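Here's a quick briefing to read with the model open beside you. Have a look at the fold before going through the points.

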Amino acid sequence: MHHALMSIALFLARLLEIYSFIIWIRIIVSWVRPYPRPGSFTYYMARIVDPYLGLFRSSKATIGVLDFSPIIAIGILAVVQSLLSVYGMYGFLTLGIILANIIYAFWSYGLSIFLFFSIIMLIFKTIAAFTHNPMMYGMSGQFSDPISNMVRKSFSNRIPKDSTVALISLAINIALYFVLKQAFGMLANLALRIPL
């Protein structure tokens, strides 16, 4: 019976892996054709994954024109798939394994993606500040605004140049990315040591 459960867990993990892959294809195709033609392959793909993705759609998951809800949906699938794989291979799950997977997913499918996009936008903002290109400012979006505002406020006595603010903001964001990556890795390793 135990071996049968392990086999079922591995089978379900593979199904979730395939489903996640279909979601990624749907996301990429939706950039080109957001409304698939009825009867087409993309139409049936949308019918399979859109109900699941719809569970996570929210204005809170949108920043500017970017919708992060599919990343959240894939992150949750990744946690479940990983837990099923672990159970399927070893025949047990502990609280530590569950927590480590949640921590890892929060970093991989949450903060790291947000910080990555923030770094990209800050690069555009930095280039715009040095080249005085207004089009590049438009591309920098809303990701970098909280960091830039914090840096700007730290210059209490004088108004800093946009290029100075952009460079400092970019450096802070890159440092934050690597510090948080290490911190989440350490947290996941600590969670794995929980004996329960």
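Going along the sequence, you'll meet the pattern α-α-β-β-α-α-α-α-α, so the protein has 7 helices and 2 strands (helices are DSSP runs of H or I of at least four residues, strands are E runs of at least two, numbered from the N terminus). This is a predicted model: local features need pLDDT of at least 70, side-chain atom pairs count only at pLDDT 80 or more, and totals for chains, interfaces and linings use all residues. Residues are numbered from 1 along each chain as its sequence is written, and side-chain values use heavy atoms, leaving out hydrogens and water.

**Overall**
- Of the 196 residues, 38% are buried (under 20% relative accessible area, 1.4 Å probe, protein chains only).
- The protein exposes about 12400 Å² (Shrake-Rupley method, 1.4 Å probe), and carbon and sulfur atoms supply 72% of that.
- Take the contacts (heavy atoms within 4.5 Å) between residues at least 6 apart in sequence: 63% join residues at least 24 apart.

**Helix α1**
- Helix α1 covers residues 2-32, and its 31 residues reach 46 Å from first C-alpha to last, close to the 45 Å expected (1.5 Å times one less than the number of residues).
- Its buried residues are M6, A9, A13, L16, Y19, S20, I23, R26 and I27.
- The cover over them includes α2 (41-54) and α3 (69-90).

**α4 against α7**
- The axes (lines fitted to C-alpha atoms over the stretch in contact) of α4 (95-131) and α7 (162-192) come within 9 Å and cross at roughly 170 degrees, on a scale from 0 to 180 degrees between N-to-C directions.
- The two helices are therefore roughly antiparallel (over 145 degrees).
- By class, their contact has 25 nonpolar, 7 polar and 3 charged residues.

Conventions: Parallel < 35°, antiparallel > 145°, perpendicular 65-115°, else oblique. Nonpolar A, V, L, I, M, F, W, Y, C, P; charged D, E, K, R; others polar. Buried < 20%, exposed > 50% of the residue type's maximum accessible area, 1.4 Å probe, protein only.
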